[in-house]
Amino acid sequence: MSTPPTPNGNRRGRTLAASAEDRVYPQDPRPREGAPDVLVIVLDDLGFAQIGAFGSDIATPNMDRLAAGGLRYNRFHVTAMCSPTRASLLTGRNHHAVGLGFLVDMPLAYPGYNCRLPKSAAPLPRVLKDAGYSTLAVGKWHMTPRWERSAAGPFDRWPLGYGFERFYGFLQGDANHWAPELVCDNHYTEPPAGPEDGYHLSEDLVDTAQRMILDQKQAAPGKPYFMYLPFGAMHSPHHVAPEWVEPYRGKFDGGWERWREETFARQVAAGIVPEGTELPERPPWIQEWDALDADDRRMFARMQEVYAGFLTHTDAQIGRLLDFLERTGRLDNTLVMLMSDNGASAEGGQLGTVNEHRFSSRMGDSTERNIADLENWGGPDTYPHYAWGWAWAGNTPLRLWKRYTWLGGTRAPLIVHWPDGIAARGEIRNQLTHAVDLMPTILEACGLGMPDVVDGVAQQEVDGRSLIGTFSNPDAESPRETQYFEMLGSRSIIHGEWKATTDHVSRGVLDEERLLLGSRDFATDRWSLFNLAEDFAEARDLADEHPELVEKLEDLWFDEAERNHVLPLDDTMQERLAALIFPMYGLQPRGTYLPGGGPVHEESLPPLFGGFTLTADVEVPDEGAEGVLCAFGDLTGGFVLRAADGRLSFTCSRAGEVDRVTADAPLAPGRRVVGVRYRPGTETPGTLSLLDDGTEIASAPLGGPWPVAFQHGGAGLSVGKDHGLPVDRAYSPPNRWTGTLHKVEIDTAAVPEPDLDTALRTALHSD
């Protein structure tokens with residue numbers, strides 16, 4: 001006979017009931033008591049002098065409010081371009097040292113340029129998440145390599161793969177602010193509204209940021225968060241509603257030289273620029289305002305009016321977020337850092353443009369073309385960028401602009417606001433600082449150190465140093481004595497009070513290639529020398545007086561370059577083509593696309609510029625064909641195959657230059673295969689032909705070369721409908737196909753070699 005179990009045991013006498021001693025609670029990380037929330041705001045292509053706190057007369061009351069309640073750093077440096085600066089900010093390392101020496105749009109098979117953060121450089125969101133922070137990102141990403149940005153991933157280099165728990169924004173280098181290609185976490189999503197409903201990306205980003213913070217605080221009130229908020233503004237396209245522009249009408253009629261001089265006077269009076277600073281003269285490639293004709297002056301002034309309205313609108317969104325934090329009682333213990341990723345952008349060239357895609361499509365621009373859209377400038381039918389005279393003025397008093405390692409490219413505004421952690425109000429700090437310093441600063445403010453090992457991988461040296469000491473001590477030592485710079489062959493180095501800078505002119509912006517003075521060959525590059533302790537703006541070249549110091553600094557630059565994987569230097573397309581990292585499965589010559597899915601990212605499509613046949617297997621209803629079979633991009637650049645009044649048509653917009661071919665007769669009812677074929681010509685751009693069951697039913701010449709890239713901000717192929725903005729004003733999205741659509745196929749026969757020269761221009765204009 002078996003022994004019955006005891007009340008607290010089994011038949012063998014072992015205890016089944018739990019006791020307090022048996023409990024093992026997980027030791028989840030928790031930030032220190034009182035650890036701050038962290039908000040990092042990154043503005044894109046904002047010049048040193050373009051916000052009020054740094055001398056501008058453009059209304060930026062909310063950014064100025066942060067500056068008045070905190071600190072301004074007037075010797076803060078970045079890398080001169082977007083992706084590299086973001087890599088430095090989020091890793092605390094120099095950009096080449098973590099594979100982001102250039103744009104993620106052109107990953108190269110060299111350690112400094114492969115666009116893949118090494119496992120030895122765990123990024124800030126991962127470190128903070130492991131320490132118990134919530135990690136949230138809203139806005140521009142631009143750290144995912146080309147060919148990894150489709151719905152298939154891989155997702156390791158999307159925001160969630162780098163340690164963010166939530167993401168809402170866009171992956172490319174820029175976005176249409178009226179109709180962006182948006183991502184939520186690890187999937188593409190549609191904007192909540194369209195421009196006809198008053199939608200604007202900057203407003204959507206702040207709405208989402210508030211919602212993320214509110215959800216997080218209501219779910220876990222004591223848990224701090226890290227919010228990364230990189231706006232698409234102030235990058236082109238300069239999109240803003242007219243009511244924000246109207247207050248600036250006539251304000252810039254005096255021109256960029258006068259605005260620059262007045263801004264410089266305000267900077268010196270405010271102490272943001274030291275007394276005794278010399279304002280460099282206007283370079284010969286910047287047009288003299290008073291020598292321009294009336295139409296040029298009218299058009300250029302309007303460009304700056306729209307830019308100013310765009311900036312004030314962006315500032316208002318920042319103000320909404322600050323008001324929200326104040327209303328919820330969180331602002332005082334939020335470490336807010338506001339910065340720009342590089343100097344003002346000159347990618348609008350000498351004349352500016354109503355549609356920046358014209359540059360990457362190698363299409364000329366003119367004041368006559370621009371002025372035709374003067375009153376629409378900044379609206380949904382435009383993709384505008386201002387003339388480079390305003391970029392030059394926007395970096396006052398510094399020389400050159402984005403993409404160059406002169407101070408106009410590498411010195412940017414930085415504002416730090418943290419009432420609970422910074423006693424100073426409205427003060428200026430002049431220590432030599434860099435984007436790599438922000439991660440160590442944030443970690444120290446949060447009571448954390450950089451881990452030595454993450455996921456079993458030893459972590460490489462952090463190049464940045466914390467700025468916490470400068471919060472309370474205006475005379476604190478600079479976090480470093482030496483900092484190198486390199487971008488597209490432009491090179492410079494700061495060591496102590498000295499800076500050496502080359503005159504190398506990079507490729508990619510047509511007007512710069514044509515007009516800028518300087519060297520186009522590494523062998524003939526000249527190093528200039530400046531004493532930054534006495535010359536804030538690189539105005540007085542002392543190279544001829546100290547040739548031995550120039551040689552020493554050049555050698556030091558090479559030492560830093562070798563240590564950080566900067567070499568090999570290259571500014572030729574042939575070498576970049578040879579080193580380009582292609583997609584794992586190659587460039588596909590054919591593709592089949594079914595209705596029901598989301599837009600197919602352009603990097604997943606066969607390359608079309610070498611010729612293609614695009615067909616749709618459809619059933620035409622008895623009442624006649626109507627609607628979009630497939631569409632890509634919009635009126636500023638894209639194509640659409642559709643039917644209207646029963647007739648098949650194809651429209652291609654080459655940066656706003658529209659080519660259209662339409663059949664003479666309606667499609668007959670029933671199942672059929674319809675489409676379009678593009679055949680490039682040997683001496684002409686080629687021909688577009690409409691097809692009905694293999695028979696050519698209409699044709700028309702293409703007015704110019706088929707674009708290598710239609711949209712700087714990326715786009716997707718929609719099947720059975722359109723999304724976003726239309727390619728042709730003759731319809732409004734979604735304009736769904738009214739019959740049955742079985743599939744769409746694209747066949748390019750042979751895959752053409754990538755046009756790297758155009759790809760570089762596209763990448764530069766999208767950054």
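Which residues of H12 are buried? They are Leu438, Met439, Pro440, Thr441, Ile442, Leu443 and Ala445. The model is a predicted one. Helix H12 covers residues 438-445, and 7 of its 8 residues are buried, so the rest of the structure largely encloses the helix. Just past H12 comes Gly447, with a positive phi of about 75 degrees.

Now step back to the whole chain. The protein chain holds 17 helices and 30 strands. Its C-alpha trace spans about 110 × 80 × 50 Å along the principal axes. The radius of gyration is 28 Å, which agrees with the value near 27 Å for a compact globule of 767 residues. Of those 767 residues, 61% count as buried. Contacts tell of the fold's reach along the sequence. Take contacts between residues at least 6 apart in sequence: 75% of them join residues at least 24 apart. The accessible surface comes to about 28,200 Å², and carbon and sulfur atoms account for 48% of that area.

Next, the interior spaces. A search of the whole structure finds 4 cavities of 30 Å³ or more. The second largest has a volume of about 150 Å³. Its lining has 14 residues, and Ala179, Glu181, Asp634, Gln711 and Gly714 lie nearest its centre. By type, the lining divides into 5 nonpolar, 7 polar and 2 charged residues.

The backbone deserves a look too. Most peptide bonds are trans, and most residues other than glycine have a negative phi. Some places in this chain depart from that pattern. Thr396 and Pro397 are joined by a cis peptide bond, with omega about 5 degrees. Pro397 sits in the loop between helix H10 (388-394) and helix H11 (407-410). A cis bond also runs from Pro733 to Pro734, where omega is near 10 degrees. Here the loop lies between strand S29 (716-719) and strand S30 (740-747), and Pro734 is part of it.

Two residues show a positive phi without being glycine. His142 has a phi of about 55 degrees. Asp645 has a phi near 55 degrees. Both are loop residues. His142 lies between strand S4 (134-140) and strand S5 (166-170). Asp645 lies between strand S23 (637-644) and strand S24 (647-654). Are they buried or exposed? His142 has a relative accessible area of 0%, so the residue is buried. Asp645 is at 68% relative accessibility and therefore counts as exposed, since the cut-off for exposed is over 50%.

Key: Residues are numbered from 1 along each chain as its sequence is written. This is a predicted model: local features need pLDDT of at least 70, side-chain atom pairs count only at pLDDT 80 or more; totals for chains, interfaces and linings use all residues. Side-chain values use heavy atoms; hydrogens and water are left out. On a 1 Å grid over the protein atoms alone, a cavity is a set of points where a 1.4 Å probe fits but cannot get out, and a pocket is an open set with protein on both sides within 12 Å along at least five of seven lines; lining residues have an atom within 4 Å of a point. Grid points are joined across faces, edges and corners, and a volume is the space filled by probe spheres set on the points. Ala, Val, Leu, Ile, Met, Phe, Trp, Tyr, Cys and Pro count as nonpolar, Asp, Glu, Lys and Arg as charged, and the others, Gly among them, as polar. Helices (H or I, at least four residues) and strands (E, at least two) are DSSP runs, numbered from the N terminus. The radius of gyration is taken over C-alpha atoms; the globule rule is 2.2 Å times the number of residues to the power 0.38. Buried means under 20% relative accessible area, exposed over 50%, partly exposed in between (1.4 Å probe, protein chains only). Contact means heavy atoms within 4.5 Å. Accessible areas come from the Shrake-Rupley method with a 1.4 Å probe; for residues, only the protein chains shown count as cover.
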